[in-house]
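Work through the exercises below with the sequence and the model at hand. Each task is followed by a solution in steps.

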Amino acid sequence: MGTLWQGGTIYTMQQEHHTVEAVYTEEGKIKDIGDAAILARTYEQHITEIHDLAGGVMFPGWVDSHMHLIGHGETFLKLQLGSCSSVEEVLEAVRIQSELLPDGMWIIGEGWNENDWAERVIPQRSLLDLAAPRHPVMLRRVCRHVLAANSAALKAAGIDEHSHAPAGGVLERDPSGRLNGIIKEQAQERMLSAVPGVTEEYLEAALTAAIEDCWSKGLTGCHTEDLSYYGGSVRTMRAFHKVIHDRNKAFKAHLLVHHLALDEWLEAGRGAEFASELIEFGAMKLFADGALGGRTALLSRPYADDPSTSGVAVHSDEALEELVIRARELGMAVASHAIGDGAAEKVLHYFEKHPCPEGRRDRLIHGQILRPELVEQMKKLPVITDIQPSFVTSDFPWVLDRVGEAEGLLIYAWKTLLEQGIPCAGGSDAPIEKVSPLEGIHAAVTRTKPHQATVYGEQERLSLFEAVSLYTRGSAYAIHHEHDRGMIEKGHAADFTVLKEDPFHQGPEVLLQDIIQMTVINGNIVFGGK
């Protein structure tokens with residue numbers, strides 16, 4: 001009836017360095033913790049299995065607090081450009097794909113990042129036309145706030161030289177005034193809607209691949225936002241339920257509800273048909289600004305490397321307030337994407353003006369650029385900051401060129417937030433960054449790129465306990481599961497992440513190795529353990 005887990009180091013995460021010898025679990029819950037011999041005697045009549053950790057290091061199950069689970073799964077199904085080191089490599093990948101696909105079939109790619117290239121030439125329309133003259137091509141930038149399209153794709157989307165960008169969007173033009181195929185923010189919707197729709201089989205395949213990969217990275221669950229991108233929220237919820245339950249891919253998925261999917265979700269009874277112990281629904285999701293890479297994150301000052309802009313507000317102030325009010329009328333918290341301090345200022349203003357329903361917590365997603373007065377405001381509100389430590393490794397040092405003089409700004413200031421008592425949860429924003437929490441924890445602790453010495457913002461480095469807490473206690477607190485997840489404690493879920501090595505003893509560099517030994521969800525081993 002129950003399992004005794006012993007034979008390794010077990011960090012409960014109740015407090016720093018707190019360990020126990022053994023954990024006894026029954027029916028997916030932690031029944032007791034403590035001395036191995038005492039637990040063996042106490043539950044002798046109930047123990048049906050003794051699992052030897054073989055020297056492994058057990059933690060509460062790690063949970064990614066902000067990602068796009070289906071989008072992560074799609075990385076196994078689409079052209080991946082994240083490893084490209086130049087626009088030439090991107091174009092060659094597109095050319096090769098064009099030779100493999102029938103004429104007229106869409107070439108879909110994602111992950112390019114010109115900031116990692118020696119020459120920051122982006123894949124504009126004219127270049128893509130040469131690489132794939134017989135296929136529509138759409139390549140999403142790593143941030144997903146910018147895409148590049150060729151002429152065939154523009155035509156398929158009905159975008160021509162007379163088209164105008166919608167509010168909160170950009171259709172870029174070259175010096176001659178001709179569309180160059182670079183499309184930003186809200187203007188992407190027209191292009192995305194032109195891409196042939198995905199099937200439910202495709203969604204299920206993407207989810208299956210994503211969950212299995214998450215298991216291998218030590219993740220027992222995630223907070224994800226997928227409901228508005230795949231032809232309707234009902235078919236997406238159905239795919240989640242089919243994969244997690246019918247296909248037995250156990251994973252604890254907390255789904256945010258994008259405001260564009262809200263009406264359909266409400267008509268479906270708030271997803272009640274699909275909700276379960278493994279699938280639940282959370283706050284209303286909205287976007288207040290864009291991303292720093294494309295200079296669409298909304299700052300309170302002009303960009304240092306392009307003083308003509310301070311970013312893009314996705315919604316007018318009136319529309320942003322109306323969305324917050326709508327959430328409140330429905331008894332919902334709000335989870336708002338806000339990268340720039342200008343966006344955070346707007347969002348926090350409406351969070352304060354229209355208080356979060358009792359017992360719920362709003363979420364500021366990313367919060368990469370803040371100001372001290374905004375942090376003071378956050379201290380008065382029930383608001384969590386979803387941070388992505390890996391952004392440090394991908395955004396520095398170029399982000400400093402974007403922002404310029406940092407006086408008065410808090411830049412990726414995770415330590416400051418924690419010291420000021422702001423609850424933080426840790427995620428990856430996969431597929432924008434690698435889903436690995438090991439790499440996220442390493443970035444939070446070292447503030448360095450992997451295997452490099454340069455430290456970006458040493459004063460904002462987290463302790464290892466603080467960093468691991470982002471993915472355990474922090475992720476649980478963000479969704480009101482602090483009473484039954486996030487720690488190894490009586491009554492909590494039997495979700496565990498087990499490592500082969502102990503980073504508390506061996507140092508953070510061990511986190512860059514393949515050290516996931518086992519992933520356990522509700523007491524069942526879903527990865528490793530053989």
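**Exercise 1: Two loop residues**

Asn522 lies in the loop between β23 (516–521) and β24 (524–528); helices (H or I, at least four residues) and strands (E, at least two) are DSSP runs, numbered from the N terminus. This is a predicted model, in which local features need pLDDT of at least 70 and side-chain atom pairs count only at pLDDT 80 or more, while totals for chains, interfaces and linings use all residues. Residues are numbered from 1 along each chain as its sequence is written, and side-chain values use heavy atoms, with hydrogens and water left out.

Task: find the sign of phi for Asn522 and for Arg295.

Solution. Step one: phi of Asn522 is near 50 degrees, a positive value in a residue other than glycine. Step two: Arg295, in the loop between β15 (279–287) and α10, has phi near 55 degrees, again positive in a residue that is not glycine. Step three: Arg295 has 26% relative accessibility and therefore counts as partly exposed (buried means under 20% relative accessible area, exposed over 50%, partly exposed in between, with a 1.4 Å probe and protein chains only).

**Exercise 2: Cis peptide bonds**

Task: locate the cis bonds that lead into Pro397 and Pro431.

Solution. Step one: the bond from Phe396 to Pro397 is cis, with omega near 5 degrees, and Pro397 sits in the loop between α13 (391–395) and α14 (398–403). Step two: Ala430 and Pro431 are joined by a cis bond with omega about 10 degrees; the loop holding Pro431 runs between β21 (424–426) and α16 (437–446).

**Exercise 3: Helix α11 and its cover**

Task: check the span of α11 (residues 341–353) and list what covers its buried residues.

Solution. Step one: the expected span of a helix is 1.5 Å times one less than its number of residues. Step two: the 13 residues of α11 should therefore span 18 Å, and its end C-alpha atoms are 18 Å apart, which agrees. Step three: Asp341, Gly342, Ala343, Ala344, Val347, Leu348, Tyr350 and Phe351 of α11 are buried. Step four: their cover includes α10 (317–329), β16 (334–338) and α12 (372–378). Step five: Ser336 lies in strand β16 and is buried, with a relative accessible area of 0%. Beyond its neighbours within four places in sequence, Ser336 is in contact (heavy atoms within 4.5 Å) with residues including Val347, Phe351 and Leu364.

**Exercise 4: The core and helix α7**

Task: which residues have the most contacts inside the largest nonpolar core, and how do α7 and α8 cross?

Solution. Step one: a nonpolar core is a set of buried Ala, Val, Leu, Ile, Met, Phe, Trp, Tyr and Cys residues joined through side-chain atoms within 4.5 Å. Step two: the largest has 126 residues, and Leu69, Leu292 and Tyr412 have the most contacts inside it. Helix α7 (residues 200–216) gives the most to this core, with seven residues. Step three: the axes of α7 and α8 (residues 233–246) come within 9 Å and cross at roughly 50 degrees; axes are lines fitted to C-alpha atoms, for helices over the stretch in contact, and angles run from 0 to 180 degrees between N-to-C directions. Step four: that makes α7 oblique to α8, because angles under 35 degrees count as roughly parallel, over 145 as roughly antiparallel, 65 to 115 as roughly perpendicular and the rest as oblique.
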